[in-house]
Amino acid sequence: QVHLVESGGGVVQPGGSLTLSCAASGFTDFTFSDYAMNWYRQAPGRQREFVAAITRAGDNTIYGDSVKGRFTISRDNAKNEMYLQMNSLKLEDTGVYYCNGVRGSRGSWGQGTQVTVSS
């Protein structure tokens with residue numbers, strides 16, 4: 001089971017930027033490049049929401065409608081890391097951001113990092 005740790009959260013004003021990182025470790029029979037990776041977020045009182053996904057090789061990405069054009073997902077398989085560049089942040093982007101790794105039918109989650117957009 002891959003171990004995922006998010007970092008980079010914080011407090012930012014509307015219109016600002018943040019970059020989140022997700023560091024992966026604990027591989028046994030597989031490597032980081034065997035995992036499709038995703039970002040999700042959860043705002044207080046709301047269900048967990050899909051944010052972005054990236055393929056194993058990093059050659060294809062998809063985004064949730066609410067972040068399209070503002071967020072960019074990327075990964076560095078040599079460093080076992082994934083990133084989420086967040087620009088033009090809005091109040092409604094506030095929440096706990098989770099990274100998720102999927103290989104076949106198995107998924108792993110990080111503990112989350114808090115992003116607060118506030119004026």
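**Aromatic contacts, salt bridges and the largest pocket in a predicted model**

Y40, F50, Y98 and W109 come together as one aromatic cluster, in a structure that is a predicted model. Across the whole structure, the search returns 5 aromatic pairs. One of these is formed by F27 and F32, whose rings meet edge-to-face with a centre-to-centre separation of 6.4 Å and an angle of 65° between the planes. The two partners are unlike in their exposure: F27 is partly exposed, at a relative accessible area of 24%, whereas F32 is buried, at 1% relative accessibility. An edge-to-face arrangement is likewise found for Y98 and W109, with 6.5 Å from centre to centre and 80° between the planes. This second pair links distant parts of the chain, since Y98 belongs to strand β9 (residues 95-103) and W109 to strand β10 (residues 106-109), the two residues being 11 residues apart. Y98 counts as buried because its relative accessibility, 13%, falls under the 20% limit, while W109, with a relative accessible area of 40%, is partly exposed.

Charged side chains are also placed over aromatic rings. R75 lies over the face of F32, at 4.4 Å from the ring centre, so that the buried residue F32 takes part both in the edge-to-face pair with F27 and in a contact with the charge of R75. In a second case, R103 is positioned over the face of F30, at 3.4 Å from the ring centre.

Both members of this second contact, F30 and R103, reappear at the largest pocket, where they are listed with Q1, V2 and Y35 as the residues closest to the pocket centre, out of 13 lining residues. The volume of this pocket is about 160 Å³. Its lining comprises 4 nonpolar, 6 polar and 3 charged residues. Strands β9 and β10 each supply at least two of the lining residues, and the greatest contribution comes from β10, with 3 residues. These are the strands that also carry the partners of the aromatic pair described above, Y98 in β9 and W109 in β10.

Turning to charge pairing, side chains of opposite charge can pair when their charged atoms come close. The structure holds 4 salt bridges. In one of them D93 is joined to R41, with the closest N and O atoms 2.8 Å apart. Distant parts of the chain are linked by this pair, D93 being located in the loop between β8 (81-86) and β9, and R41 in strand β4 (residues 36-42), at a separation of 52 residues. Both of these residues are buried. D93 also meets the side chain of R70 in a salt bridge, at 2.7 Å from N to O; here again distant parts of the chain are linked, as R70 is found in the loop between β6 (61-63) and β7 (71-76), 23 residues apart from D93 in the loop between β8 and β9. R70 counts as buried at 11% relative accessibility, and D93 is buried with a relative accessible area of 0%. Through shared partners, salt bridges join R41, E49, R70 and D93 into one network. A further salt bridge is formed between the side chains of K68 and D65, with an N to O distance of 3.0 Å; in contrast to the buried D93, D65 is exposed, with a relative accessible area of 67%.

Several loop residues complete the description. N80, in the loop between β7 and β8, adopts a positive phi of about 60° although it is not a glycine, and is partly exposed, with a relative accessible area of 24%. S88, which lies in the loop between β8 and β9, likewise has a positive phi, of about 50°, without being a glycine; its relative accessible area of 41% makes S88 partly exposed. The loop between β8 and β9 is also the location of D93. Finally, Q111 is situated in the loop between β10 and β11 (113-117) and counts as partly exposed, at 47% relative accessibility. The C-alpha atom of Q111 is separated by 9.8 Å from that of S7, although the two residues are 104 residues apart along the chain.

Notes:
Residues numbered from 1 in each chain as written. Predicted model: local features only at pLDDT ≥ 70, side-chain atom pairs only at ≥ 80, totals over all residues. Heavy atoms only, no water. Phe/Tyr/Trp six-rings, centres within 6.5 Å; stacked < 30°, edge-to-face > 60°. Buried < 20%, exposed > 50% of the residue type's maximum accessible area, 1.4 Å probe, protein only. Helix = DSSP H or I, 4+ residues; strand = E, 2+ residues; numbered from the N terminus. Lys NZ or Arg CZ within 6 Å of the ring centre and 35° of its normal. 1 Å grid on protein atoms, 1.4 Å probe; cavity = no way out; pocket = protein on both sides within 12 Å on 5 of 7 lines; lining within 4 Å. Points joined across faces, edges and corners; volume = space filled by probe spheres on them. Nonpolar A, V, L, I, M, F, W, Y, C, P; charged D, E, K, R; others polar.
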